[in-house]
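Dear colleague,

I am passing on the structure we spoke about, so that you have it to hand while you read my notes. Please look through it first, and then compare it with what I describe underneath.

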Amino acid sequence: MTMQEFPSGMFGLPKNPDGEGSVQVQLDPDLRIDTAKVFAVYGKGGIGKSTTSSNLSVAFSKLGKRVLQIGCDPKHDSTFTLTKCLVPTVIDILESVDFHAEELRPSDYVYEGYNGVMCVEAGGPPAGTGCGGYVVGQTVKLLKQHHLLEDTDVVVFDVLGDVVCGGFAAPLQHAERALIVTANDFDSIFAMNRIAAAIVAKSKHYGVRIGGVIANRSVNTDEIDRFNDAVGLKRLAHLPDLDIIRRSRLKKSTLFEMEPGPGLEEAKQQYLQLAEKLWEGVEPLTAQPMRDREIFDFLGFD
């Protein structure tokens with residue numbers, strides 16, 4: 001499908017810019033998710049956002065919450081450890097009915113995963129065309145039309161790595177708290193800084209605030225903590241670089257389904273404690289991200 005074949009209006013510029021320099025279309029007030037706690041998970045590509053999101057979703061479900069995870073990556077692999085397969089995307093399903101959404105049923109695009117976690121893959125437009133924000137918007141619209149959000153306690157958006165343009169920042173328009181996954185290295189923290197800047201920009205027009213940082217795949221957190229202290233962020237959880245976490249992904253399983261192994265119980269407890277903390281409510285963080293040159297000098301070595 002070419003760019004011209006997408007529904008009209010998705011490429012129109014907003015009348016009221018959503019942040020300086022933004023071309024993101026304003027959120028339709030009717031598409032707000034106001035019946036659940038909503039979290040958006042961001043971080044550098046390959047940092048483990050999907051693993052983090054899926055295990056966090058299961059942790060919420062273990063607390064008795066009704067959970068919906070929405071993958072926002074064209075690879076549509078956010079939920080495969082929950083469902084054990086690559087489920088069809090919303091955009092693919094819509095295209096199959098020529099974008100006549102009234103022909104769809106919830107079972108066409110919502111799949112039940114491990115421990116009752118409901119799973120949706122928004123997908124994305126063809127490479128180089130389209131808008132990720134449109135895809136996210138259509139997904140939320142379908143969920144509201146089918147009243148699926150009314151029976152949900154927690155929504156977790158797992159968002160495409162590295163891209164903080166208006167389109168893929170769209171989940172921030174729905175989220176109450178944004179979480180940033182990072183490792184204890186330059187590239188991950190550099191990406192975290194840029195993501196934090198995008199969240200701060202969105203917070204000028206929407207209710208989203210930074211909830212905190214999840215350290216992942218890291219033995220130490222000294223550089224993460226030093227950066228957090230400098231810009232006003234806070235670490236909420238720490239997942240070490242454990243082989244059992246890597247193997248869980250290969251086995252298409254969440255940590256909560258794995259056989260006992262070194263570090264497993266500690267990792268599961270980290271996710272359960274994180275879910276409890278987020279459900280009870282974390283204070284919004286007022287971050288002051290650095291400019292690119294500043295963070296380069298801050299993290300650089302002689």
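In strand β6, Ile-180 is the bridge partner of Tyr-42, and in this predicted model the neighbouring pairing can be followed through Gly-43, which stands opposite Val-181 of β6. These contacts belong to the pairing of strand β1 (residues 37-43) with β6, which runs in the parallel sense over five bridges. Val-181 also stands opposite Ile-214 in β7, and β6 pairs with strand β7 (residues 209-216), again in the parallel sense, over six bridges. As general background, the strands of a sheet pair through backbone hydrogen bonds, and they may do so either parallel or antiparallel.

Strand β6 (residues 177-182) has six of its six residues buried, so it is largely enclosed by the rest of the structure. If you look at the two sides of β6 separately, you will find Arg-177, Leu-179 and Val-181 buried on one of them, and Ala-178, Ile-180 and Thr-182 buried on the other, so that both faces are covered.

The wider setting is an open sheet of eight strands with mixed pairing, whose order is β3-β4-β2-β5-β1-β6-β7-β8. Its edges are formed by β3 (111-112) and β8 (235-239), each of which pairs on one side only.

On the other side of β1 in that order comes β5, and five bridges join β1 to β5, the two strands running parallel. Within this pairing, Lys-37 has Val-154 of β5 as its bridge partner. Strand β2 (residues 67-72) is also joined to β5, here by six bridges and with the strands running parallel, and Leu-68 stands opposite Val-155 in β5.

Strand β5 (residues 154-159) is itself mostly covered, with six of its six residues buried. Val-154, Val-156 and Asp-158 are buried on one face, while Val-155, Phe-157 and Val-159 are buried on the other, and both faces are thus covered. You may wish to note that Asp-158 is included among these buried residues.

Turning to charged side chains, how many salt bridges does the structure hold? There are 12 salt bridges in the structure, and I describe three of them here. In general terms, side chains of opposite charge can pair when their charged atoms come close.

One of these salt bridges is formed by Asp-225 and Arg-235, whose closest N and O atoms are 2.9 Å apart. Asp-225 lies in helix α6 (residues 222-231) and Arg-235 in strand β8, so this pair ties together parts that are 10 residues apart in sequence. Asp-225 counts as partly exposed because its relative accessibility is 22%, and Arg-235, with a relative accessible area of 31%, is partly exposed as well.

A further salt bridge is the one in which the side chains of Arg-246 and Asp-243 meet, at 2.6 Å from N to O. Arg-246 and Asp-243 are separated by about one helical turn, because they are three residues apart in helix α7 (residues 243-250). Arg-246 has 46% relative accessibility and counts as partly exposed, and Asp-243, at 41%, likewise counts as partly exposed. Asp-243 and Arg-246 are also linked with Arg-247 in a network of salt bridges.

In helix α8 (residues 264-280), Glu-265 and Lys-268 lie three residues apart, which is about one turn of the helix. Glu-265 and Lys-268 form a salt bridge in which the closest N and O atoms are 3.2 Å apart. Are Glu-265 and Lys-268 buried or exposed, or something in between? Glu-265 counts as partly exposed at 45% relative accessibility, whereas Lys-268 is buried, because its relative accessible area of 16% is under the 20% used as the cut-off for burial.

Finally, the surface has a negative patch, which is formed by Asp-92, Glu-95, Asp-98, Glu-102 and Glu-103. Among its members, Glu-95 is placed in helix α3 (residues 90-96), and Glu-95 counts as partly exposed at 37% relative accessibility.

With best regards

Methods. Residues numbered from 1 in each chain as written. Predicted model: local features only at pLDDT ≥ 70, side-chain atom pairs only at ≥ 80, totals over all residues. Heavy atoms only, no water. Patch = residues over 30% accessible without salt bridge, like charges linked within 9 Å, V, L, I, M, F, W, Y side chains within 5 Å. Areas by Shrake-Rupley, 256 points an atom, 1.4 Å probe, with all protein chains shown as cover. Salt bridge = Lys/Arg side-chain N within 4 Å of Asp/Glu carboxyl O. Lys, Arg positive; Asp, Glu negative; His and termini not counted. Charge placed at Lys NZ, Arg CZ, Asp CG, Glu CD. Helix = DSSP H or I, 4+ residues; strand = E, 2+ residues; numbered from the N terminus. Buried < 20%, exposed > 50% of the residue type's maximum accessible area, 1.4 Å probe, protein only. Pairing = 2+ DSSP bridges.
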